[in-house]
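Here is a friendly walk through one protein model, from the whole chain down to two residues. Have the viewer open as you read.

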Amino acid sequence: MIDTTIEDKLFREFKYGGAAYLALEYVNIAHKKDGFDVYPKNWQEFYKIKLPQIVKSRTDSYDDVPLFVSVDGERPLMWIEIESNISSCKTENELNRYLYSLLLPFKEWSDSICPIRYIQHAQQDIERCKRDIPLHIARAESLEDGWDKDEAFADAEACKDSIKKDEERIKRLEGSHDRFLQIFNDAADRSVEWYCKAWFDVFCTYADNLDALLLKFGIDLYAVQDKCGIWLKPKRDVISIMGYVGTLELTQTLISQLPQNVNYPKQKELPPDLCTPKAMDVLKRAVVKGLLDENYMPTADMTKSQMKTFFDGRCYPYHRREYDAYIMHRQFRIDQQVVDLE
């Protein structure tokens, strides 16, 4: 029998009217060009006065212990509940419905933070237009001069314009995640953006935990996301889920046993020298703070001095050194670490 008592407490905050939902809605509107000015006065008052109060009150009162805190060496209570629910599913349809229910509350966040489905739709439109262009041109060349011929050439040009617009849209969508990270990094203390960042951390933790848990059942989160059209994470970060699975070796084994017919972007594999617990902790936090990208390569915002400090102090195999890494212009310091790469 499926029991959703604990998970529902988290899900309601990401559903319509919840703290996470409202915080994201605020950020989406506030950081547009015209912001709240496009809304009537009563709605501006709601977004500027009432909504922040709701977000702060509900976030401060939210109990995240069942999500984050282990009990007697076991997984946090919510994950014990979800694991039990998956085990209790008797048919494939029942399992699919339950898996969908684990993603559905995060649809709004998925569409804003991880808009993979919109990128996929745009890519499909581009491929369709690329197929249609030569057909329109061939049709035009087969016709006598006249209105029909002009229309066929116009259809080909329309396809080219559509491709250009979709390519621009994909570029904007691919930058969504980084745009939100920048907003979160710049957030003033106790602002709505600051609270939204707190929910973003919950969102990421949930995605990593779910990915790790499904691996143990031989279920690929990426296949589930692709099927549902709701994406919590675009790539599998072995570092992020290793701690939940147990060991790096077990994590890699479980991943290798997944069906290989799913077409999704895969993360670059790390060399063994960078798979020690301390090194992976540093890498993960560097990605979160924008110092490295998802493949652990320097971002465009990383200065030469930051790059030298970071890599001289950490990335050379068989080398030990304390280091300070300062993130972009915010001078965010990663705690000093002595990273053993041997």
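A contact here means heavy atoms within 4.5 Å. Among contacts in this protein between residues at least 6 apart in sequence, 64% link residues at least 24 apart. The model is predicted, so local features need pLDDT of at least 70, side-chain atom pairs count only at pLDDT 80 or more, and totals for chains, interfaces and linings use all residues. Residues are numbered from 1 along each chain as its sequence is written, and side-chain values use heavy atoms, without hydrogens and water.

The protein has 16 helices and four strands, taken as DSSP runs (helices H or I, at least four residues; strands E, at least two) and numbered from the N terminus. Of its 342 residues, 44% are buried; buried means under 20% relative accessible area, exposed over 50%, and partly exposed in between (1.4 Å probe, protein chains only). About 19000 Å² is exposed, with 52% of it from carbon and sulfur atoms.

Two residues make a nice pair to look at:

| Residue | Helix | Relative accessible area |
|---|---|---|
| Valine 65 | helix 4 (residues 65-68) | 40%, partly exposed |
| Aspartate 208 | helix 11 (residues 192-216) | 9%, buried |

Which residues does aspartate 208 touch, leaving aside its neighbours within four places in sequence? They are Lys233, Ser240, Ile241 and Tyr244. Aspartate 208 counts as buried because its relative accessible area is 9%.

Valine 65, in turn, counts as partly exposed because its relative accessibility is 40%.

Conventions:
Areas by Shrake-Rupley, 256 points an atom, 1.4 Å probe, with all protein chains shown as cover.
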